[in-house]
Amino acid sequence: MAWGTSQVENGDAVTLLLAGAPARLSVWSQAFQMDSRFRVVTLATDPQDLQAKLSYNPEVILLDAAIFSGPEPLTQFLTRVQGAAYIVLPGGVPEEVIRPIREMTSVKGVFVGDVNIPDLSARIMAEITALRAQAPALAGRPAWQQGTTTIGGLRVITVWNRAGGTGKSTVATALALDAAQRGFKTLLVGLSAPDVSLPTFLNLKTTPNLSLWLSRPTFADGIQPAVQSVGGLDVLVGLQDSLREKDLLQRPEEQSSINSLAIAATYGGYAVIIFDAPVSGCYPSAISASNTLVLVSTPTIDQAVITAEAYRVVFQKLAGQHRVGASNVFVVLNRGRNGLLGMNEWHEAARTFAQSAGVQGFPPVTAVIPEIPEVAVTANAGRSVLTAGEAFARPIHKLGDLLFGQKTSDNGFRSDAGVVKLGPIRIRKG
């Protein structure tokens, strides 16, 4: 048969899978990405892709049914859905087709032709809050804490600060390697022009690079052929011509924007996307495409002030232009040593400056990385910076735990770089 013509309880974002044609997904994803009550875990553009991505365990699926050839395959798919499904049917579908779809257990709403996203958002929040109340043991718990092996939501991360020389690229690289080691499909994107750091740190060629995306802004033509792989990590090296940095200064809705790149990468199944953002230039575009921000600083007074100013820029000057919530900002103090500020001293200086600028709630320091000469040596040699020593790897893994969850392998062990954990027992490999 053809088709025919409020805040969530506990403050946790509703995980959402969007499925439909690319044009419709672009509109939907823009709307939900600007709403901090939701976290879009992945996108799907055809039934096979959608079926595979059920493994992300979303609480909600918003589905444009036109990607199915008719009601029978749609119905078969919906029998396998455990979350709440909201279905947009093609215009002109008769009531006798709509009725059995509406009556399916997983289906919470059926719409014909289109849907009003603000109205639907309010409805989803009310219904998911009620569903969570019926299952309080799981309410508010991310997927990785429920015994699953998938990330508890898509992480699009910008690593940035307003000052150079803090080790942003080093941290971005280490964090991407950590995510890949946990088994998550990860894409690291360099946004500097010229991008010297990622090719050096990961022993990569300078081409292909991001220029391919700008000329062919699709996953199949602009991302996939430009990606270089290092172990389990995929890397999109940044532009090599500094005069082309202006090409990245595009509105989110434009086809070759950074936001469109993040959406296209999600089509490709990436669960973690990390932008290594420059001090100036396109960093607002990267932040607007992200749901998480990592601010990398060094433990000095001037860096505390600069980092507080960076935080103010994000939540005052760029307010309304991104979907990064205050709870998704993570501060990393890098290159600490004797004679510099301690973690508490640095945080107090940053908090005080932020407060004087009218910004409340400056985030705590998440990780402190000491000055380790071997990190630069390892990076310049093109080896994984996570092998530079436990003193560097440990705080990166701590940050990874907060961002990605403690990934559990099929045999029940939790793996870190060089370490296997079995309950309280730590066994070093090799």
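Here are four short exercises, with worked solutions, on a predicted model.

**Exercise 1. Find out which residues of helix α1 are buried and which side of the helix they are on.**

Solution. Start by locating the helix: α1 covers residues 22–33, twelve residues in total. From first C-alpha to last it reaches 16 Å, close to the 16 Å expected at 1.5 Å a residue. Next, pick out the buried residues of α1, which are Leu25, Trp28, Ser29, Phe32 and Gln33. They cover an arc of only 120 degrees around the axis, so they sit on the same side of α1. Now turn to the other side of α1, where you'll find Ala23 and Val27 exposed.

**Exercise 2. Work out how the rings of Trp160 and Tyr283 are arranged, and where each residue lies.**

Solution. To describe a pair of aromatic rings, you use the distance of the centres and the angle of the planes. The model has eight aromatic pairs. For Trp160 and Tyr283, the centres are 4.3 Å apart and the planes are 15 degrees apart. Planes under 30 degrees apart count as stacked, and that is the label for Trp160 and Tyr283. Then look at the chain: Trp160 belongs to strand β6 (residues 155–160) and Tyr283 to helix α11 (residues 283–288), so this pair links distant parts of the chain, 123 residues apart. Both Trp160 and Tyr283 are buried.

**Exercise 3. Classify the pair Tyr311 and Phe362, and say why the label fits.**

Solution. Here the ring centres of Tyr311 and Phe362 are 5.4 Å apart and the planes stand at 70 degrees, so you call the pair edge-to-face. Tyr311 is in helix α12 (residues 301–317), while Phe362 is in the loop between α13 (343–356) and β13 (365–370), so the pair ties together parts 51 residues apart in sequence. For burial, the cut-off is under 20% relative accessible area. Tyr311, at 3% relative accessibility, counts as buried. Phe362 counts as buried too, at 6%. Last step: Tyr311 and Phe362 join Phe315 and Trp346 in one aromatic cluster.

**Exercise 4. Describe the surroundings of His322, beginning with its place in the chain and ending with the residues it touches.**

Solution. Go to the loop between α12 and β12 (329–336), because that's where His322 is. With 9% relative accessibility, His322 counts as buried. Now check the polar atoms of its side chain: one lies 2.9 Å from the backbone oxygen of Val314. The side chain of His322 also reaches the backbone nitrogen of Val324, at 3.1 Å. Finally, leaving out residues up to four places away in sequence, list what His322 touches: Met34, Ile287, Ser288, Val314 and Phe315.

Methods:
Residues numbered from 1 in each chain as written. Predicted model: local features only at pLDDT ≥ 70, side-chain atom pairs only at ≥ 80, totals over all residues. Heavy atoms only, no water. Helix = DSSP H or I, 4+ residues; strand = E, 2+ residues; numbered from the N terminus. Expected span 1.5 Å × (residues − 1). Buried < 20%, exposed > 50% of the residue type's maximum accessible area, 1.4 Å probe, protein only. Arc of directions from axis to C-beta. Phe/Tyr/Trp six-rings, centres within 6.5 Å; stacked < 30°, edge-to-face > 60°. Polar contact = N/O pair within 3.5 Å; in protein donor to acceptor, adjacent residues only side chain to side chain. Contact = heavy atoms within 4.5 Å.
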